[in-house]
Amino acid sequence: MNYRLIFYIALFLPILLSAKNIENANRALEKSGLKYCPALFDAKSSNITFKNLPTGAKDFEVMLPSPKNDIVVNASDFGLNENITNSATIINKAIAHCKKIGASKLVINKGTYKCFDAVSILIDDMQDFTLDCNGAKLIYYSPCIKAKNPVPAWNTAQNKSNCNLKIKNSRRIKVCNLQFDWDWENNPIGGFAKVVGFDKNANEPYIDFQFWQYEKYPFYNKYTPVVSVASFTDDLTAFHHARSGLFFPAPKPIHLAEGYYTSKTSWVSPNVMRLYVERKIAGNLPVGAVYRIMHYYVGKNCIDMYSNQHLTLENIDILSCRGHALHVDDGQQYWQYINVNVAPPKDDARRACSSSADHHHIANSRGFMKLIGCTFSMGVDDGANIHDRAFFMKRKSDYILESNNIRGLIYFNPKLNDVLELYQADYTPTGYKGKIVKIDGETLHLDKPLPMQSKDGFVCFNTKYGTRNIIIKDCKYIRHGCRGLLLPAKDITVENCIFEREQMGAIKCETGYTKDLWCEGYGVDNIVVRNCTFRKSNIRRLKSQGFVRDIMLAAYLKTDPSDAQPAVPIIKNLLFENNKFFDTQGLVAIISSSNNVIFRNNVIENDFDYENNLWYRGGFCVRNSKDIYIIDNTYIESKKVPLAGVYYQQKSVENLVARGNKIISKK
C-alpha cells in the first residue's frame with residue numbers, strides 16, 4: 001500500500017475541493033447577476049454610529065387581579081372529580097357561581113379530569129378573577145365525524161366553536177397551574193408511520209403506512225382523516241432525540257368537517273393504513289421511510305381569547321391539542337404568558353405533535369403582549385403568527401367594495417363602526433378612511449365615496465385593530481412544521497430566544513395578500529432581535545425569491561410567496577444584533593421591500609456538512625430596499641461557506657453599507 005500517496009491525497013484533497021467549491025460558487029454568483037461584498041480576514045470595524053436605532057417594544061405592565069374580597073370557591077363542591085367525563089360542564093357551573101357571588105378565585109384540586117362533553121370552559125365578562133388549577137390536568141376528546149355538508153373552518157366564526165378554554169370580554173384575569181392534553185388512546189391527533197408498500201399502477205394508486213408503535217391503531221376500521229404527511233429522518237425512539245424532515249402535503253385535498261383536508265383511506269391490518277394518492281406520488285415515498293401523519297389541523301383550539309384586557313396565563317403546559325394552542329382575536333389588549341409551554345410529554349415516543357396548527361395565532365388585537373420563558377415545540381404549523389387580518393377587495397362602485405376571499409366577510413361588523421383604511425394593490429397609500437355601514441353578501445358598503453383603484457384591487461386595513469408592542473424574552477421555538485415566528489406587526493422585541501430545527505425558517509417579518517385566501521399584517525416597523533440563537537432553521541430549504549434563508553424580510557403580492565414587491569417599502573426599522581447563527585441551510589437573511597434594516601455584531605458559524613451545500617450559505621441578500629446596514633458581523637472560517645458576505649441587486653438597492661464583516665479562524 002502506498003502510504004505516501006494516501007498521505008498526499010489526505011493533505012491536498014480538501015484544498016482542491018475547497019478551491020473547486022469557491023470556483024463553483026463564483027460561477028453561481030455570476031449567473032445570479034448579483035453584486036458581492038465579501039467578508040474579509042483583515043476587515044476593520046465599520047465605526048458607524050446610529051442616531052436613531054430601532055428600539056423595539058416599550059415595557060408595560062399587565063395588571064393582575066385586584067379582588068374586592070377573599071372569597072375562594074372549590075370546583076369539587078360542584079361535583080368535579082376524576083371519575084366523571086363532563087368536567088368542563090361542572091367547572092362552568094363553578095365559574096358561574098363565582099361570577100354570581102363575586103368570588104375572587106376558583107380552585108381546582110390537583111388531579112386528572114376528563115372533558116369529553118364538547119363544552120368550552122368559559123370565563124366571560126368577569127373582572128379580578130383567578131382560576132388556580134394546582135397542577136390539574138384536563139384531558140379533551142371529541143370524535144371525528146365526517147360532515148354531510150362540510151365548509152372550510154374559516155367560514156365559521158372561531159368564537160362560536162367549542163375550544164378547551166375560552167376567555168372573553170374580561171378584565172384582570174389570571175389562569176395558572178394547569179395542564180391540557182388530548183385523549184390519544186382513543187383519538188390520536190397524529191401518528192408516526194413507516195412506508196411498507198405502494199402500488200402506483202393500481203386503479204386507485206396508494207401508499208401503505210404502518211403505525212409500528214401500535215399493535216392496533218385507534219382509528220382501525222373507523223373513519224380516518226389524513227390532512228398531511230410530513231417526513232421524519234432522525235431517530236424517533238424518544239421525543240428528546242433530534243427530529244427533522246420535509247413537509248409533504250396531502251395530495252388532492254377535499255373539504256372535510258371543520259375545514260380539514262383529507263384523502264381517501266382504508267385499513268389493510270390493525271396497524272397498516274392505506275392512503276390513496278395521485279399516481280405520480282405513489283412511488284415517490286421510499287419503503288422504510290418514517291412519516292408523521294396528521295389527522296387534524298385547525299378547528300377546535302386549546303385557549304381562545306377575545307377582547308380581554310390585562311389577562312395573565314402562567315405555569316400552563318399544553319401537551320397537545322386540536323387546532324391552535326393559543327388563539328387571540330378581536331380587541332384583546334395587555335396580556336402575558338409566563339412559563340406557558342406547548343410541547344408533547346417527553347416520556348411518550350408515540351406523540352407526533354403538540355398542537356395540530358399554530359402554537360400561537362393572533363388574528364387581530366390591539367397589542368401589548370408579553371411572552372416570558374415559554375417553550376413551543378413540535379407544532380404542525382407556525383410557532384407564532386402575530387398579525388392583524390387585512391382584506392383584499394375590489395371597487396364595485398363609488399361606495400361598494402367586493403370580496404372574493406373564500407373566508408367571507410364574517411370579520412367585519414357595521415354595528416361596531418369599523419373603519420377601513422385603503423391601500424392600492426402595491427401598498428401605495430390612498431389616504432382613504434371610510435366607515436362600514438352595511439354588509440350585503442360579499443360586499444361592503446362605505447359611508448364615503450371610494451378612490452379609483454390603480455390596479456386590480458385595494459388592500460384594506462381595519463383601523464379598529466393594531467397588533468403592536470410585543471415583548472418575547474427567554475423563549476424557545478423548536479421543531480415546528482412551518483416557521484418559528486411570523487411578525488407582520490410593529491414595535492417588537494425578541495430577546496434571548498432559541499430557534500432550532502424549524503422546517504421553513506426561523507423568523508419572517510412580512511406583510512402581503514393573496515387574491516382569494518389570506519391577507520396578513522398592516523406592515524412591519526420597529527423590530528429588535530438580539531442575543532438569540534439560531535440552529536438549522538430551515539430544514540425544508542424553503543426559498544424566498546429563489547434563496548433558502550433563516551430570516552425573511554419581504555412582502556408578497558397576489559400569491560404567497562411571490563417575487564413581486566410593493567412600490568414602497570412596508571418593512572422598516574429593524575435591528576438584528578448580537579445573535580448567533582449556526583448551520584444555516586442558505587442565507588442568514590433575505591432582505592427585500594425594506595428600509596433602514598441593520599444586521600450588526602452577529603456571529604455566523606457553519607460546521608455541519610449538508611448533502612448539498614448552497615453557494616450562498618451564510619450570506620445576506622438584499623433586493624428592492626433602501627438604507628441597509630450589514631456591518632461588523634463575524635464569520636467563523638469554514639470551507640462550507642465559500643462566499644461569506646453580502647449579495648445585492650444593484651439596480652434595486654439604494655444605500656447599502658456592508659463593512660467590517662470579518663472572517664476569523666476557528667479556535
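**Exercise 1. Work out whether Lys370 is buried or exposed, then find its salt-bridge partner and say what the pair links.**

Start with Lys370 in this predicted model. Its relative accessibility is 13%, and the cut-off for buried is under 20%, so Lys370 counts as buried.

Next, look for the partner. Lys370 forms a salt bridge with Asp59, and the closest N and O atoms sit 3.1 Å apart. Now place the two ends: Asp59 is in the loop between strand 1 (35-38) and strand 2 (72-74), while Lys370 belongs to strand 23 (residues 369-372), so the pair ties together parts that are 311 residues apart in sequence.

Finally, check Asp59 itself. At 66% relative accessibility it counts as exposed, since the cut-off for exposed is over 50%.

**Exercise 2. Find how many salt bridges there are, and go through a few of them.**

The count comes to 22 salt bridges. One of them joins the side chains of Lys174 and Glu314, at 3.2 Å from N to O. Lys174 lies in strand 8 (residues 171-182) and Glu314 in strand 19 (residues 309-318), so here the parts tied together are 140 residues apart in sequence.

Another pairs Arg351 with Asp348, with 3.4 Å between the closest N and O atoms. Arg351 has a relative accessible area of 7%, which makes it buried. Then there's a network: salt bridges with shared partners join Lys473, Glu495, Arg530, Glu577 and Arg600.

**Exercise 3. Trace the closed barrel and pick out a residue pair across two of its strands.**

Follow the strands in the order 26-27-30-29-28-31: these six make a closed barrel with antiparallel pairing. From one strand to the next, the twist averages 45 degrees.

Now zoom in on strand 27 (residues 400-402) and strand 30 (residues 443-446). They run antiparallel and are joined by three bridges. For the residue pair, take Leu401, which stands opposite Leu444 in strand 30.

**Exercise 4. Describe the surroundings of Asp398.**

Place it first: Asp398 sits in the loop between strand 26 (391-395) and strand 27. Its relative accessible area is 43%, so call Asp398 partly exposed.

Then list the neighbours. Leaving out residues up to four places away in sequence, Asp398 touches Lys448, Pro449 and Leu450. Take Lys448 from that list: Asp398 and Lys448 are 50 residues apart in sequence, yet their C-alpha atoms are 8.2 Å apart in space. There's also a side-chain partner, as Asp398 and Arg395 share a polar contact of 2.8 Å.

**Exercise 5. Is Ser638 buried or exposed, and which backbone atom does its side chain reach?**

Go to the loop between strand 50 (634-636) and strand 51 (645-648), where Ser638 lies. With a relative accessible area of 15%, Ser638 is buried. Its side chain reaches the backbone oxygen of Asn606 at 2.7 Å.

**Exercise 6. Find the mean pLDDT and two stretches where confidence falls below 50.**

Begin with the whole chain: the mean pLDDT is 87, and 88% of the residues reach 70 or more.

Now the weak spots. Residues 5-17 have pLDDT below 50, and in the model this stretch has four contacts beyond near neighbours in sequence. Residues 148-160 also stay under 50, and for them the model has 33 contacts beyond four places in sequence.

Note on methods
Residues numbered from 1 in each chain as written. Predicted model: local features only at pLDDT ≥ 70, side-chain atom pairs only at ≥ 80, totals over all residues. Heavy atoms only, no water. Helix = DSSP H or I, 4+ residues; strand = E, 2+ residues; numbered from the N terminus. Buried < 20%, exposed > 50% of the residue type's maximum accessible area, 1.4 Å probe, protein only. Polar contact = N/O pair within 3.5 Å; in protein donor to acceptor, adjacent residues only side chain to side chain. Pairing = 2+ DSSP bridges. Axes fitted to C-alpha atoms, helices over the stretch in contact; angles between N-to-C directions. Contact = heavy atoms within 4.5 Å. Salt bridge = Lys/Arg side-chain N within 4 Å of Asp/Glu carboxyl O. pLDDT = per-residue confidence, 0-100.
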